Amino acid sequence: RTGKKLVWDGIKFTNDQEFKKDQNYKKQIAVLSKDIKQLSKKYSSYTSGLSYIVINTTDNKFFLYKNKKLIREGLCSSGANKILQTQSRTYLFKTPKGKFSITGKRTHPYWHRSDWDFIEQGLPVPPKDDPSRWEAGTLGDYALDLVDGYMIHGTIYKRLMGMPVTHGCVRLGDEDLEIVYNTLNIGSKVYIF
């Protein structure tokens, strides 16, 4: 608007009705309406009435939703984005990004220590079925499985909450983890960005 006159695409209009009758204006409104409809449909497919969680790996925060309402938010820890190089393999400690589903839920989970844990500590890597690979208490009281061994779980390193320090899993504090565990079901969506 310039004063009482409308300007659209270099054309001056004297009132709103004249402006709304312009064919270019009508086309633009139709395109925008179509875009809004598509975005609304996509948003609805991502945010059904089911519970879901959103993980922001940049800010290390999580947002838990139920019935499209935010019911809990807080700090989390995600992948450190670092590399461990050995003679035979390269490990990238990064939280995967995308749309995932909860594939399993466990209470009092045991951690099956990966080769990289032994390598980082300067210890010899034992066979895959060695009892030294199983460790209790490290993952907190609950674990929610995602994909390829990645999980949402607790931590004994509470002072590091909110920092990118994991080997790829998402860590939550005890109270947050319990609420997330009790809210999400197998099949619930997990959005990580």
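# Briefing: sheet, loops and salt bridges

E135 is partly exposed, at a relative accessible area of 28%. This value falls between the limits of 20% and 50%, and E135 is therefore classed neither as buried nor as exposed. The model described here is predicted. It contains an open sheet of 9 strands and 8 salt bridges, and E135 takes part in one of these bridges, with R113 as its partner. The points below treat the sheet, the helix across it, several loop residues, a surface patch and the charged pairs.

**The sheet**

- The strands of the open sheet follow the order β8-β15-β3-β4-β5-β14-β13-β12-β9, and their pairing is mixed.
- The edges are occupied by β8 (98-101) and β9 (104-107); each has a single partner strand, so one side of each has no neighbour in the sheet.
- From one strand to the next, the twist averages 25°.
- In general, strands of a sheet pair through backbone hydrogen bonds, in either a parallel or an antiparallel sense.
- One pair in this sheet is formed by β12 (residues 142-145) and β13 (residues 151-153), which are antiparallel and joined over 3 bridges.
- Within this part of the sheet, A143 has H153 of β13 as its bridge partner.

**The helix across the sheet**

- Helix α4 comprises residues 174-183 and lies across several strands, including β3 (52-56), β4 (61-66) and β5 (69-77).
- The strands β9, β12, β13 and β14 (170-172) are also among those that helix α4 lies across.
- Relative to β12, helix α4 runs at about 50°.

**Loop residues with a positive phi**

- As a general rule, most residues other than glycine have a negative phi.
- K68 has a positive phi of about 65°, although it is not a glycine.
- K68 is located in the loop between β4 and β5, and its relative accessible area of 40% makes it partly exposed.
- N81 is likewise not a glycine and has a positive phi, near 55°.
- N81 belongs to the loop between β5 and β6 (82-85); with a relative accessibility of 48%, N81 is partly exposed, because only values over 50% count as exposed.

**G79 and its surroundings**

- G79 also lies in the loop between β5 and β6.
- G79 has a relative accessibility of 4% and therefore counts as buried.
- Which residues does G79 touch, when those up to four places away in sequence are not counted? They are F93, K94, T95, P164, V165, T166, G168 and C169.
- One of these contacts, T95, is 16 residues from G79 along the chain, and the C-alpha atoms of G79 and T95 are separated by 4.7 Å.

**A nonpolar surface patch**

- I29, L32 and I36 make a nonpolar patch of about 270 Å² on the surface.
- I29 is part of helix α2 (residues 23-46).
- I29 is partly exposed, with a relative accessible area of 36%; this is over the 30% required of a patch residue, so I29 meets that condition.

**Salt bridges**

- In general, side chains of opposite charge can pair when their charged atoms come close.
- R113 and E135 form a salt bridge in which the closest N and O atoms are 3.9 Å apart.
- R113 lies in the loop between β10 (110-112) and α3 (115-120), and E135 in strand β11 (residues 134-136), so this pair ties together parts that are 22 residues apart in sequence.
- R113 is buried, with a relative accessible area of 10%, whereas E135 is partly exposed.
- D115 and K128 form a further salt bridge, with an N to O distance of 3.2 Å.
- D115 is in helix α3 and K128 in the loop between α3 and β11, so the pair ties together parts that are 13 residues apart in sequence.
- D115 is buried at 19% relative accessibility, while K128 is exposed at 55%.
- R133 also forms a salt bridge with D115, the closest N and O atoms being 2.5 Å apart.
- This pair links distant parts of the chain, 18 residues apart: R133 is in the loop between α3 and β11, and D115 is in helix α3.
- Is R133 buried or exposed? R133 is buried, at 1% relative accessibility.
- R113, D117 and E135 are joined into one network by salt bridges that share partners.

Terms used
Residues are numbered from 1 along each chain as its sequence is written. This is a predicted model: local features need pLDDT of at least 70, side-chain atom pairs count only at pLDDT 80 or more; totals for chains, interfaces and linings use all residues. Side-chain values use heavy atoms; hydrogens and water are left out. Two strands pair if DSSP finds at least two bridges between them. Helices (H or I, at least four residues) and strands (E, at least two) are DSSP runs, numbered from the N terminus. Axes are lines fitted to C-alpha atoms, for helices over the stretch in contact, and angles run from 0 to 180 degrees between N-to-C directions. Contact means heavy atoms within 4.5 Å. Buried means under 20% relative accessible area, exposed over 50%, partly exposed in between (1.4 Å probe, protein chains only). Patches are made of residues with over 30% relative accessible area and no salt bridge: like charges are joined within 9 Å, nonpolar side chains (Val, Leu, Ile, Met, Phe, Trp, Tyr) within 5 Å. Accessible areas come from the Shrake-Rupley method with a 1.4 Å probe; for residues, only the protein chains shown count as cover. A salt bridge is a side-chain nitrogen of Lys or Arg within 4 Å of a carboxyl oxygen of Asp or Glu.
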